Amino acid sequence: MAHTLPALPYDLDALEPHISRATLEFHHGKHHAAYVTNLNNLISGTELENSGLEEIIVAVAGDAGKAGIFNNAAQVWNHSFYWQCIKPAGGGAPSGALLDKINADLGSFEAFVEQFKAAGATQFGSGWAWLVLDNGSLKVTKTPNADLPLAHGQTALLTMDVWEHAYYLDYQNRRPDYMTTFLEKLVNWDFVAANLAAA
Ligand code: MN3
């Protein structure tokens, strides 16, 4: 089946001044769109052309001969997930069952923030920082390039894109400033809580 670029769940200028219209025009309209186009081209005429996105990712994960399909499929999934992880007037701290689970598994919300920023800061080059559910426990992880929790048997609850294209127009080389803004102004904790409840 042909994979499609999902619409952003907010207007292009809705995340300003934290993430600019220009960043979203390129990041969603060019980068994310290109992964969709590349994936459709790569699976056309193959046994994967009628498969769902997650089915494709699991089928080709770890297959060096299908790295192109994995990278593009995973990047389609990662970006569709990332857009939902942020929202206008987001950020701050979660509450309810999610906060209880963070306190129980990671020690405190402050400990989560420290681990999540460290994951993003120490992901050398391109990649992603994650809050995942792994065998019933919350963990903060990082993955390089297109890699994602689904390929490791984990359930993604939150992600932060730390590829330079996610922040360079707005923050240039200041990845730490982007990460702080992501946590303080943008995280959609309702989406994260819903992911936990559904896991
Ligand atoms: Mn990206």
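The exchange below concerns a predicted model and looks at its two domains and at one residue, Met179.

Biologist: How far apart do the C-alpha centres of domain 1 and domain 2 lie?

Modeller: The domain assignment of the protein places domain 1 at residues 21-85 and domain 2 at residues 96-198. Taken over their C-alpha atoms, the centres of these two domains are separated by 20 Å.

Biologist: How many residue pairs are in polar contact across the interface of domain 1 and domain 2?

Modeller: Between them the two domains bury about 1,800 Å², with 70% of that area on carbon and sulfur atoms. The rule finds zero salt bridges across this interface, whereas the residue pairs it finds in polar contact, both at pLDDT 80 or more, number ten.

Biologist: Which element gives the largest share of the side of domain 1 that touches domain 2?

Modeller: In the contact between the domains, 21 residues of domain 1 meet 26 residues of domain 2. On the side of domain 1 that touches domain 2, the elements giving two or more residues are α1 (21-43), α2 (53-60) and α3 (67-85). The largest share, eleven residues, comes from α3.

Biologist: Is Met179 buried or exposed?

Modeller: Met179 sits in helix α7, which spans residues 175-186, and, apart from neighbours within four places in sequence, is in contact with Lys117, Gly120, Ala121 and Met160. Because a residue under 20% relative accessible area counts as buried, the 3% relative accessibility of Met179 makes this residue buried.

Key
Residues numbered from 1 in each chain as written. Predicted model: local features only at pLDDT ≥ 70, side-chain atom pairs only at ≥ 80, totals over all residues. Heavy atoms only, no water. Domains from an automatic or database assignment. Contact = heavy atoms within 4.5 Å. Buried area = accessible area lost by both parts, 1.4 Å probe. Salt bridge = Lys/Arg side-chain N within 4 Å of Asp/Glu carboxyl O. Polar contact = N/O pair within 3.5 Å; in protein donor to acceptor, adjacent residues only side chain to side chain. Helix = DSSP H or I, 4+ residues; strand = E, 2+ residues; numbered from the N terminus. Buried < 20%, exposed > 50% of the residue type's maximum accessible area, 1.4 Å probe, protein only.
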